[in-house]
Amino acid sequence: MEHLRSPKLVLASLLVLFLALGNTTLMKVGADEEICNMTEQELEACKPSVSGSDPTPPSTECCDGLKKADLTCLCSYKNSAFLPALGIDPDLAMQLPAKCGMTAPTDC
């Protein structure tokens, strides 16, 4: 499943999901593609912290991206079966805000 970890494949898969759900307001299309106000690069910076059996602490780049992200938007995917298929552990993803010194939305 190494092919699922490709940054472009992850982003493309998420974009296909958004389009399938008909909710294109969550993304910008173009060279600066974003999901929930996080760039592809910022999302990839966070992936080592939300995947695998021995996740790493979030990097500065990950936390900086998360601080400008729309956390409510990101929370909307916490129960998605799509995330585990991409190697993302939703429970680890839910821990990122606290690990970055942030507070997650109360409805998350």
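**Close-up views of the disulfides and their surroundings**

In this predicted model, a disulfide joins Cys 46 to Cys 62, with an S to S distance of 2.0 Å.

**Figure 1. The disulfide between Cys 46 and Cys 62 connects two helices.** The torsion about the S-S bond of this pair is about 105°, so the disulfide is right-handed. Distant parts of the chain are linked here: Cys 46 belongs to helix 2 (residues 40–46) and Cys 62 to helix 3 (residues 60–67), the two cysteines being 16 residues apart. Cys 46 has a relative accessible area of 6% and is therefore buried, since buried means under 20%. Cys 62 also counts as buried, because its relative accessibility is 0%.

**Figure 2. The disulfide between Cys 36 and Cys 73 joins a loop to a helix.** The sulfur atoms of Cys 36 and Cys 73 are 1.9 Å apart. With a torsion of about -60° about the S-S bond, the disulfide of Cys 36 and Cys 73 is left-handed. The pair links distant parts of the chain, 37 residues apart: Cys 36 lies in the loop between strand 2 (34–35) and strand 3 (38–39), whereas Cys 73 lies in helix 4 (residues 71–75). Both cysteines are buried.

**Figure 3. Cys 75 and Cys 108 form a disulfide between helix 4 and the segment after helix 6.** The S to S distance between Cys 75 and Cys 108 is 1.8 Å. About the S-S bond of Cys 75 and Cys 108 the torsion is about -100°, which means that this disulfide is left-handed. Cys 75 in helix 4 and Cys 108 in the segment after helix 6 (90–99) are 33 residues apart, and their pairing links distant parts of the chain. The two partners fall into separate accessibility classes: Cys 75 is buried, with a relative accessible area of 14%, whereas Cys 108 is partly exposed, at 22%.

**Figure 4. Ser 76 is placed in the loop between helix 4 and helix 5.** Helix 5 comprises residues 82–85. A polar atom of the Ser 76 side chain lies 2.5 Å from the backbone oxygen of Cys 73, and Cys 73 is the residue bonded to Cys 36 in a disulfide. Ser 76 and Asp 107 are 31 residues apart in sequence, and their C-alpha atoms are 9.7 Å apart in space.

**Figure 5. Cys 36 and Asn 37 each have a positive phi.** Most residues other than glycine have a negative phi. Cys 36, although not a glycine, has a positive phi of about 55°. For Asn 37, likewise not a glycine, phi is positive at about 70°. Cys 36 is located in the loop between strand 2 and strand 3, and Asn 37 lies in the loop between strand 2 and strand 3 as well. Their accessibility classes can be set side by side: Cys 36 is buried, with a relative accessible area of 2%, whereas Asn 37 counts as partly exposed, at 37% relative accessibility.

**Figure 6. Four disulfides are found in a search of the whole structure.** Among them are the bonds Cys 36 to Cys 73, Cys 46 to Cys 62 and Cys 75 to Cys 108. When the bonded cysteines of the protein chain are numbered in sequence order, the pairing reads 1-5, 2-3, 4-7, 6-8.

Terms used
Residues numbered from 1 in each chain as written. Predicted model: local features only at pLDDT ≥ 70, side-chain atom pairs only at ≥ 80, totals over all residues. Heavy atoms only, no water. Disulfide = S-S within 2.5 Å. Helix = DSSP H or I, 4+ residues; strand = E, 2+ residues; numbered from the N terminus. Buried < 20%, exposed > 50% of the residue type's maximum accessible area, 1.4 Å probe, protein only. Polar contact = N/O pair within 3.5 Å; in protein donor to acceptor, adjacent residues only side chain to side chain.
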